[in-house]
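Please open the structure in your viewer and keep the selection tool at hand. The tour proceeds by selecting one element after another.

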Amino acid sequence: MRVVYSPAHLAHDVVTETVMGAVIPANEVAERAERIRAALEADGGFPVEPPTEHGTDPILAVHDAGLVRFVEEAWRESRIQAIARPNLTADTFPTFRMFEGMSPEAVAAIAETRSAGGRAGWWGLDTANPLQAGTYGAARAAVDVALTTADLVLAGERAAYGLCRPPGHHAARSMIGGYCFFNNAAIAAEAIVRATGQPVAILDVDYHHGNGTQQIFWRRGDVLYVSLHADPERQFPYFLGRANETGEGEGSGANLNMPLPAGTDDDTYLAALDRGLAAIADTPGEILVVSLGFDTYGHDPIGDFALTTAVYHECGRRAAGLGRRLVVLQEGGYYRPALGANARAWLRGAEGRPYEPLPASGFGANGSDR
Ligand code: SP5
Ligand code: ZN
């Protein structure tokens, strides 16, 4: 399977993040993508190629122009201030409760402001979207990776893999969030719809609900969104991802959320996956975009599922079993020692190649795949 990768992601890398106020070592780091690339190269069956430049039009088909401008400008603007910082992160957000009681007209008159801090809060969901000098270039490259992967499949490949970083599925039309800046999968799905005139399905198997992808296609009947994820009752993004969110208008019935409990194991997961795949099979379309996350892995530092490396092979096999061409795009997954083995297993499964795990000393975790 052909793999699309850009080294531009290396210029977006942070050391710490905060979780509920606690400063912890950052999870979404450059090493993630390098681990996956190394494992795929070691396999020998995954030729890696660079993305082609697609410009901003496909991004603007999905995102507000102001958001794109903000991601491009904000780091430079934050340098004007006297405080030295490793990155720009929002601390003040315009929660809708701030405007309680104001008329819709009065709320509509509220604006972005000119300060970098105000802008970061205006466009941000949370504190997990650190902007640095290389962030815009990395986010643009991740989109080019996704679009180039889609191009390969549009040109006839049965499946292709885009090693996107930063990830994308928490980014909504007018909002960055959850380590995500531009929604790589949504941009690719929209480009595929425009290129083919056919409906597209998105299968999101990241541990977290893809609130951004859901938001972007909420009223769209031609893009089916199916997501398996941790129940938002206990996990980020908390406020979206429930089973009763099924889309509205033309998109009514084209959004399927499958929240899952803590401890979800291989068998429970595969049963839910089959349900999701059956829903996709019931709709028209020849291409499936997969938002692929490995934060469902048993050892993931921010997840609470119990999946094994072996089950990713089976997941890839079942996704390919739909008989649609696959545009597979990387989202999350934070247990670095097993990321390469997990990606390799999934992609080999999708290609119909045997699992054949690599020796644990190479890419597994502590001699085990759990
Ligand atoms: C793309 C992606 O996977 N984004 C995830 C963003 C998650 N950010 C919130 C992390 C909350 C971590 N909760 C920690 C529980 C530790 N037991
Ligand atoms: Zn995730």
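The model is predicted. Begin by selecting Asp64 and Gly66: a side-chain oxygen of Asp64 lies 2.7 Å from the backbone nitrogen of Gly66, and Asp64 thereby caps the N-terminal end of helix 3.

Next, select the whole of helix 3, residues 65-78. Its 14 residues should span 20 Å at 1.5 Å a residue, and this agrees with its end C-alpha atoms, which are 20 Å apart. Where is the kink in helix 3 centred? Select Glu72, where a kink of about 40 degrees is centred.

Now display the side chains of helix 3. Several of its residues are buried, among them Leu67, Phe70, Val71 and Trp75. To see what covers the buried residues of this helix, add helix 2 (57-60), helix 5 (116-123) and helix 6 (135-154), which are included in that cover.

Leave the helix and select the zinc ion (ligand 2). Which residues coordinate the zinc ion? Asp206 is listed twice through OD, and His208 (ND1) and Asp295 (OD) also take part, at 1.9 to 2.8 Å. Along the chain, the donors follow the spacing D-x1-H-x86-D. Asp206 and Asp295 link distant parts of the chain, 89 residues apart. Asp206 is in the loop between strand 6 (200-204) and helix 8 (211-217), whereas Asp295 is in the loop between strand 9 (287-292) and helix 10 (309-320).

Finally, select Asp206 and Asp295 once more. Are they buried or exposed? Buried means under 20% relative accessible area. Asp206, at 2% relative accessibility, therefore counts as buried, and Asp295 is buried with a relative accessible area of 0%.

Technical notes
Residues are numbered from 1 along each chain as its sequence is written. Chains are lettered from A and ligands numbered from 1 in the order in which they are written. This is a predicted model: local features need pLDDT of at least 70, side-chain atom pairs count only at pLDDT 80 or more; totals for chains, interfaces and linings use all residues. Side-chain values use heavy atoms; hydrogens and water are left out. Helices (H or I, at least four residues) and strands (E, at least two) are DSSP runs, numbered from the N terminus. The expected span of a helix is 1.5 Å times one less than its number of residues. The bend at a residue is the angle between axes fitted to the seven residues ending there and the seven starting there. Buried means under 20% relative accessible area, exposed over 50%, partly exposed in between (1.4 Å probe, protein chains only). Contact means heavy atoms within 4.5 Å. A polar contact is a pair of N or O atoms within 3.5 Å; within protein, one must be able to donate a hydrogen and the other to accept it, and residues adjacent in sequence count only if both atoms are side-chain atoms. Donors are N, O and S atoms within 2.8 Å of the metal (3.2 Å for Na, K and Ca); water is not among the atoms, so sites may look incomplete.
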